[in-house]
Structure formats: C-alpha cells, structure tokens
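The exercises below are meant for a reader who is meeting this structure for the first time. Please work through each task before reading the solution that follows.

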Amino acid sequence: MRIVNIRLKTIRWVTVAYIPQVVPAVLSSTKGNEVRVELLQRILFLVFRSCIKASHTGSFLDLPGGGEVRVSPRALLYVCDQKEERAVMCLKSSGCQYPCTLCMCEKGAACTDKKQGLQARRRSVRATVEAQLSNASMGQFLGAAAQRQEIEMAHSLNSVPPALAAWAGLANGPELLYDLPGFDRLHLAAVTKLLYAKKCTGGGISPTEAKVLAVRAKDWVLEHYQPLLGPCHNTKLHRLAAHVMDEFRLRGNLYDGDTGLNESLHKRVKLAYKMTNRKRAQFLEQLVLVEQAAHALCDDMCDVEGDEPPPARPSDLRRLRKMGKRCTVAELIRRRDLPGLDVALGLSQGTTVLTSAGLFFGDPTTPRAGRTKKTLRAAPEFHGSPWFDWLEYRTSDGRTHIGRAEVVLHNHAGTWQRVVVKRAESAAAERGCVLSAYKCQRLRWSIPVDGMDVRLDVITAHDVLRIVVVEFDWEDLCSRHGPTKMPDALPKTAAEVRAARFFTNVFAPSV
C-alpha cells in the first residue's frame with residue numbers, strides 16, 4: 001500500500017499482509033480453486049475491515065495542531081496486473097467467455113469494432129455482485145451445482161463475492177468497483193511515443209488531447225496491429241483500444257496504474273525470501289521480521305524532524321546497488337584526518353578514488369558456504385553512527401600487527417581494492433592491571449619518535465587475518481580527563497593521540 005507522509009511529503013510502500021500460497025496439488029481440483037478464491041477474499045476483508053467500516057460510518061482523525069475531524073476513506077486505485085485484477089474482483093481469469101473486467105466483450109471478438117468487441121456494454125457492478133452473492137448463499141439441493149455453474153458462465157465470475165464490494169462507493173453510489181484497477185502500461189509502454197508522452201504519464205493532459213489519443217490508440221489496434229500480425233484478441237490490446245479514455249477521465253494520466261514499481265519492489269521480497277530457511281511454517285515470520293527491521297532502519301535515517309528529502313522516484317527504488325562515493329585523495333586526507341595518505345598509497349593528492357563502507361574477506365562461512373563472507377567495516381556513518389573495525393593483519397614484510405581500518409578504496413571495475421589501516425603497537429602494562437592478568441594486550445598508536453602522525457598501512461583483503469575487539473583503557477582515560485569525558489569529545493591534538501591507550505578484549509569472540 002502506498003502511504004503518503006504529509007509532513008515530509010514522501011511516499012512509502014508498506015506491506016499490509018502476506019497472503020499464503022495454496023499448494024499446487026490442491027489446485028488440480030474444482031474444490032481447490034474455490035478454496036483459493038475464498039481464502040483470498042477472506043484475507044482482503046481481514047486487512048481492510050476497519051477501512052470498510054469507516055467508509056460508511058466515518059472515523060475521527062486527530063489533527064497535528066489539536067482537535068479532530070471526521071473522515072471517510074475511499075478506495076481510488078488498485079495497482080495490479082490482469083491476473084491479480086481478476087482474482088481480486090472474483091472473476092474467472094482463463095477459459096471464460098468475457099475476459100474484460102470493465103465490459104462484456106466476448107473472448108473471440110475483443111479487438112474487433114463490433115457489438116461483441118470494442119462496442120460491448122459495460123459490466124454491471126450491481127448485477128455481477130448480486131449474482132456472486134446468490135451463488136455464495138445457494139444451498140445444497142438437487143440441481144444447485146448446475147444452476148451455480150450456469151450463473152458463473154453467464155457473467156464469467158467465481159461464486160464468492162469480492163471483499164472490496166463492501167467498500168462505500170464501489171458497489172453502491174457511483175459503482176466504481178471495476179474502475180478501481182488502474183491501466184497497466186508495463187507491457188505496452190513502447191507501443192507509440194505519442195500515446196505515452198510525458199503529459200500522458202505525468203498528468204496535465206487536456207480532455208481534447210485525451211480524446212484524440214484514445215482514437216489513435218483504437219486505430220492503431222484495428223488498422224495497424226491486426227492487419228500486420230493477424231487477429232489477436234487479448235485483454236491488453238482490448239484495454240488499449242477501448243478503455244484508455246476511461247483512465248484519462250478517472251485519473252487524468254496513464255502513470256498511476258503502472259505496475260513497474262510493484263515489480264521492482266518484488267525483488268526486495270525475493271531477496272528477503274532467499275535469506276529464510278524455506279520452511280513453510282517459519283518463513284512468513286522471518287519475512288515479516290526482515291521487513292520490519294528494514295522499515296525501522298529507514299525511519300532512523302530518513303524520518304527526522306526538519307529533514308525534507310526529495311520525493312522518491314521509481315528509478316531511485318529500482319537502483320539498489322551503490323558503487324561508492326567518488327572523491328580525491330586530498331579530500332580523504334582532510335575528511336578522515338589521514339595525513340600522509342598520499343605517500344602510503346603512492347598516489348598524488350589529485351587522484352580520484354572510490355570509497356565504500358567495507359569489504360569482504362576470508363573464506364565463506366558455514367552453513368552458507370559459497371555465499372557469505374566476513375565483513376570488515378570502515379564507515380564514518382553506518383545507520384547513524386560511525387563504525388571502524390579493529391583488525392589483525394599481515395604487512396608485506398610478513399609481520400602481524402593490530403590496527404583500525406580507516407577507509408576502504410577501490411576502482412570502478414572492482415579490480416583494485418585496498419584498506420588503509422592505522423597501526424597500533426604494544427604498550428607497557430600497568431602494575432596490578434586485571435585485564436593484563438587475563439592476557440588482554442594493551443595498545444597505543446604507532447607513531448615514529450621524530451614524527452607527529454600515526455603510521456598508515458595499505459593492505460588488501462587477503463592480508464586481513466581476523467577482526468579484533470578493542471576497547472579504550474577507561475581507567476587511563478578517566479585519570480586524565482575525568483569520568484564524564486567520552487572518547488568522541490577528546491581533543492585531536494598530537495599529545496592526546498600519543499597518550500591514548502587501548503585494550504584487546506579477549507572475552508569477546510574474534511571474527
């Protein structure tokens with residue numbers, strides 16, 4: 001469901017329900033299809049029952065400045081493809097005489113300019129829903145099955161009333177139930193550039209222009225497509241030739257009903273499903289947890305008072321992969337406080353590199369061998385706070401050291417990747433120190449005697465041995481600055497860098 005944040009003026013897609021999949025073996029029987037149809041309608045009613053009730057009686061909405069106002073929710077658009085459209089409206093999707101939801105065109109003449117095709121009468125919402133109610137309430141008596149099947153064939157319907165028909169304004173009043181699904185242009189976007197111009201897809205088209213485009217769409221189907229490719233009576237072409245004007249009249253554009261954004265959002269759900277254990281009794285709960293965690297992280301990063309990010313575009317949602325931030329070596333030296341970085345890398349300060357938040361190292365872990373590796377992070381901001389891992393690594397001379405990862409560099413092709421590490425060295429232990437007694441190694445920054453800056457090592461992912469848990473020497477820190485001073489608030493002077501002390505934590509497991 002698309003939810004609009006009226007404070008930030010942003011649009012977010014929210015999953016309101018997961019519908020269980022019926023086992024394919026059950027669908028082989030007539031009873032199995034009936035169970036599937038009824039299950040879908042029951043779930044839709046459970047999801048929207050509060051909105052359906054409020055659409056008739058109204059509901060009080062609290063205003064930000066105080067007070068309340070009575071509102072009645074209305075359903076204006078359902079973005080779906082044709083198969084889902086027929087399932088939600090409880091109409092037969094295949095093997096039926098009337099395949100169009102909006103009108104009663106016949107299957108063999110849907111794209112002909114006849115009374116049974118493009119000139120067919122509109123489907124009556126009241127008559128169809130009443131027929132579904134009649135079949136659903138029909139008892140078991142001699143001839144009931146034949147009578148039920150006759151009504152189904154006469155209207156191309158299933159014997160279960162659609163749950164959305166109970167929504168005010170859909171089956172009563174203006175009767176917009178079958179106008180609720182939008183025009184899906186996903187597979188027809190390349191038909192003609194004129195029909196799908198910016199005005200059509202983004203709004204702002206005049207009624208006169210809409211009529212001209214509707215006529216041209218009809219002529220294209222009848223005079224160009226049919227003569228060249230032969231008779232074709234699928235519902236996509238029928239919708240294009242007969243019902244484009246209805247979409248313009250209701251919504252003013254052809255963009256709102258596009259399912260391209262829905263299809264791109266399915267990729268995220270598929271990725272989350274790959275992370276589950278595929279057990280039918282458990283993966284639904286795991287999918288919900290993954291999505292809730294993703295929404296919580298998104299709220300922490302984006303939903304900040306006073307922050308007004310630009311509205312999301314479909315292209316932004318489709319682009320899930322990020323190659324890294326581009327900057328020069330001089331900018332890295334200034335932003336990350338890494339003097340001598342150009343010398344360590346052997347690059348000039350004007351060289352442009354790409355930075356990322358981390359890299360993978362080591363062999364794949366079990367039980368997902370071949371899929372998951374260990375992650376080393378060096379990010380100034382990761383979900384709202386910095387994350388710089390400490391690690392044990394090997395330098396080119398074969399010696400092992402402990403240091404903190406400061407930045408991960410790579411090129412666009414991914415053939416060159418380096419980690420810049422601030423090296424630490426052993427420091428003298430204090431007499432009677434409990435941590436030293438448990439073999440926790442005391443560390444300090446490695447600074448040359450005649451220098452002012454910490455030594456920088458440039459290594460590859462193969463040089464990383466393991467991630468080490470390192471803590472501040474809190475006793476030393478409190479003795480120098482008091483118990484209320486935190487490490488982030490310490491001055492960045494050379495004397496403070498030399499005086500800083502750390503401890504490796506042997507009680508925490510290393511990665």
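**Exercise 1. The hairpin of β8 and β9**

Task: in the hairpin of β8 and β9, find which residue takes a positive phi, and describe how the two strands pair.

Solution. Begin with the turn: the hairpin has 2 residues between its strands, and H383 takes a positive phi near 55° there. Bear in mind that the model is a predicted one. Next, turn to the strands themselves, where β8 covers residues 374-382 and β9 covers residues 385-388, and the two pair in the antiparallel sense over 3 bridges. Finally, look for the bridge partner of F382, which is S385 in β9.

**Exercise 2. The second largest pocket**

Task: work out how many residues line the second largest pocket, and which of them lie nearest its centre.

Solution. Start from the volume of this pocket, which is about 1200 Å³. Its lining is made up of 39 residues, and those nearest the centre are R404, K422, W445, F472 and K492. The elements that give two or more residues to this lining are α12 (329-336), β9, β11 (400-410), β16 (470-472), α15 (474-481) and α16 (494-499). As a last step, sort the lining residues by character, which yields 22 nonpolar, 2 polar and 15 charged.

**Exercise 3. Two residues and their surroundings**

Task: decide whether G182 is buried or exposed, and then determine how E68 should be classed by its relative accessible area.

Solution. First locate G182, which is found in the loop between α4 (144-155) and α5 (198-202). Its relative accessible area is 2%, and because buried means under 20%, G182 counts as buried. Leaving aside residues up to four places away in sequence, G182 touches L77, Y78, R239, E247, R251 and G257. The C-alpha atom of G182 is also separated by 9.0 Å from that of T259, although the two residues are 77 apart along the chain.

Then move to E68, which is found in strand β4, made up of residues 68-71. With a relative accessible area of 49%, E68 is partly exposed. Under the same exclusion of sequence neighbours, E68 touches F60, L61, D62 and L63.

**Exercise 4. The chain as a whole**

Task: state how many helices and strands the protein chain has, and what share of its residues counts as buried.

Solution. The protein chain holds 16 helices and 17 strands, and 37% of its 511 residues count as buried. Turning to the surface, the chain exposes about 30600 Å², of which carbon and sulfur atoms supply 55%. For contacts with a separation of 6 or more, 59% are between residues 24 or more positions apart.

Conventions: Residues are numbered from 1 along each chain as its sequence is written. This is a predicted model: local features need pLDDT of at least 70, side-chain atom pairs count only at pLDDT 80 or more; totals for chains, interfaces and linings use all residues. Side-chain values use heavy atoms; hydrogens and water are left out. Two strands pair if DSSP finds at least two bridges between them. Helices (H or I, at least four residues) and strands (E, at least two) are DSSP runs, numbered from the N terminus. On a 1 Å grid over the protein atoms alone, a cavity is a set of points where a 1.4 Å probe fits but cannot get out, and a pocket is an open set with protein on both sides within 12 Å along at least five of seven lines; lining residues have an atom within 4 Å of a point. Grid points are joined across faces, edges and corners, and a volume is the space filled by probe spheres set on the points. Ala, Val, Leu, Ile, Met, Phe, Trp, Tyr, Cys and Pro count as nonpolar, Asp, Glu, Lys and Arg as charged, and the others, Gly among them, as polar. Buried means under 20% relative accessible area, exposed over 50%, partly exposed in between (1.4 Å probe, protein chains only). Contact means heavy atoms within 4.5 Å. Accessible areas come from the Shrake-Rupley method with a 1.4 Å probe; for residues, only the protein chains shown count as cover.
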